[in-house]
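Here are a few worked exercises to try with the model open beside you. Take each task on your own before reading its solution.

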Amino acid sequence: MRKRVFSGVQPTGRLTFGNYSTMRHWPKLADDHDCIYCVVDLHSVTITRKPEELRNETRKVFAALLALGIDPDRDIPFIQSHVPAHSELMWLLGCHTMFGELSRMTQFKDKSARHATNVNVGLFTYPVLQAADILLYDAHFVPVGEDQRQHVELSRDICLRFNGRYGDVLTVPEPLIKGAGARVMSLSEPSEKMSKSDPNENATLFVTDGRDTIVKKIKRAVTDSDGAVRYDTENKPGVANLMTLYHISTDKPFGEIEREFDGRGYGVFKAAVAEAVADCLTPVGQRLNEYLSDAAQLDALARRGAEKASERAVKTLERVYNAMGFYKC
Ligand code: TYM
């Protein structure tokens, strides 16, 4: 039996090159796994959203899944709020999650510091909903970036606790985190993760940025003064990050990149990185626009994805209710 893969992405703002770096692996995994990918709109309302913006961004990010190569005939792309079982399982799992565990989540600590006037309960219980996403589909693997490792490990702990109480009801998931591209850093603060919510536009590359914007942002990216293109994340984080962008865009290993730019200076290197990133993103942007231009097709694909996901989710939920002893008639 093929092993199952589940992952999700929030419809907040535009997708970044960091998201792309992680999500580009998702279509390839379908060669030997059963893959389910979700636009996690429920997760995205822990910050206040304008209704129209939430609707538009959810459509766009669903279209982006398809533009990245997720095949609706082979994989299951869908939108989280279309499958009510996610919220239902979240409650049941919440009763198996400890307050202390959620208090230790670094994303909760970061986000509550950033949104100090809106530290809502959703922000706190966010990882329980994430565990419900994963466990509903009996996922063996969860391909994510480094920033999501702690959440996937918590899902695993919740699953083991649940199975410890009720028998082998749920499949124990593990994170799938791939190499250097699992943590793409900001162009202006290379010690920080590249993030959608960075107020500095120049710090973040977006999947929809045009070639000129990409060239401009990469030209301004922070490097250092020693002029050598060498992969050293500790002492040369800016250059190492640009090398990572080049590696993601061209699949060239770091040793080959060092040799290619040996003695050629940062000007030549940055120009090559910008071209490679633009070459990589341009077709994705074009496909995204094609999907967005046919609203009826997009809606039909989202409905079909939700139907297929629901069939599976409902079965898991039944198993959980039964295992816990809920009365059914
Ligand atoms: P989100 O929407 O922030 O990001 C989607 C995916 O992109 C990865 N990512 C990065 N990878 C490399 N470098 C970066 N700078 C970078 N920034 C983001 C993320 O790690 C993620 O894999 N909580 C999740 C969504 C979620 C989920 C799930 C994921 C909800 N339920 C169940 C897996 C399984 C999130 O906010 O991802």
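Rings of Phe, Tyr and Trp (its six-membered ring) pair if their centres lie within 6.5 Å; planes under 30 degrees apart count as stacked, over 60 as edge-to-face and the rest as tilted. This is a predicted model, in which local features need pLDDT of at least 70 and side-chain atom pairs count only at pLDDT 80 or more, while totals for chains, interfaces and linings use all residues. Residues are numbered from 1 along each chain as its sequence is written, and side-chain values use heavy atoms, with hydrogens and water left out.

**Exercise 1. Find the ring cluster, then classify the pair of phenylalanine 108 and phenylalanine 124.**

Step 1: The whole structure holds eleven aromatic pairs.
Step 2: Phe6, Phe78 and Tyr137 are linked into a cluster by ring pairs.
Step 3: For phenylalanine 108 and phenylalanine 124, the centres are 5.0 Å apart and the planes 70° apart, so by the over 60 cut-off the pair is edge-to-face.
Step 4: Phenylalanine 108 sits in helix α6 (residues 106–114) and phenylalanine 124 in helix α7, 16 residues apart; helices here are DSSP runs (H or I, at least four residues), numbered from the N terminus.
Step 5: Phenylalanine 108 has 16% relative accessibility and therefore counts as buried, where buried means under 20% relative accessible area, exposed over 50% and partly exposed in between (1.4 Å probe, protein chains only). Phenylalanine 124, at 14%, is buried too.

**Exercise 2. Describe how helix α7 packs with helix α8.**

Step 1: Helix α7 (residues 121–136) and helix α8 (residues 149–166) have axes 9 Å apart, at an angle of about 70°. The axes are lines fitted to C-alpha atoms over the stretch in contact, and angles run from 0 to 180 degrees between N-to-C directions.
Step 2: The two helices are therefore roughly perpendicular, a label for angles of 65 to 115 degrees (under 35 is roughly parallel, over 145 roughly antiparallel, the rest oblique).
Step 3: Among the residues that meet are Tyr126 and Ile134 in α7, and Leu154 and Ile158 in α8.

**Exercise 3. Which residues of the largest nonpolar core touch the most other members?**

Step 1: A nonpolar core is a set of buried Ala, Val, Leu, Ile, Met, Phe, Trp, Tyr and Cys residues joined through side-chain atoms within 4.5 Å.
Step 2: Leu245 and Phe269 touch the most other members of this 55-residue core. Helix α12 (residues 265–293) contributes the most to the core, with eleven residues.
Step 3: Beyond four places in sequence, leucine 245 has contacts (heavy atoms within 4.5 Å) that include Phe17, Val184 and Val277.
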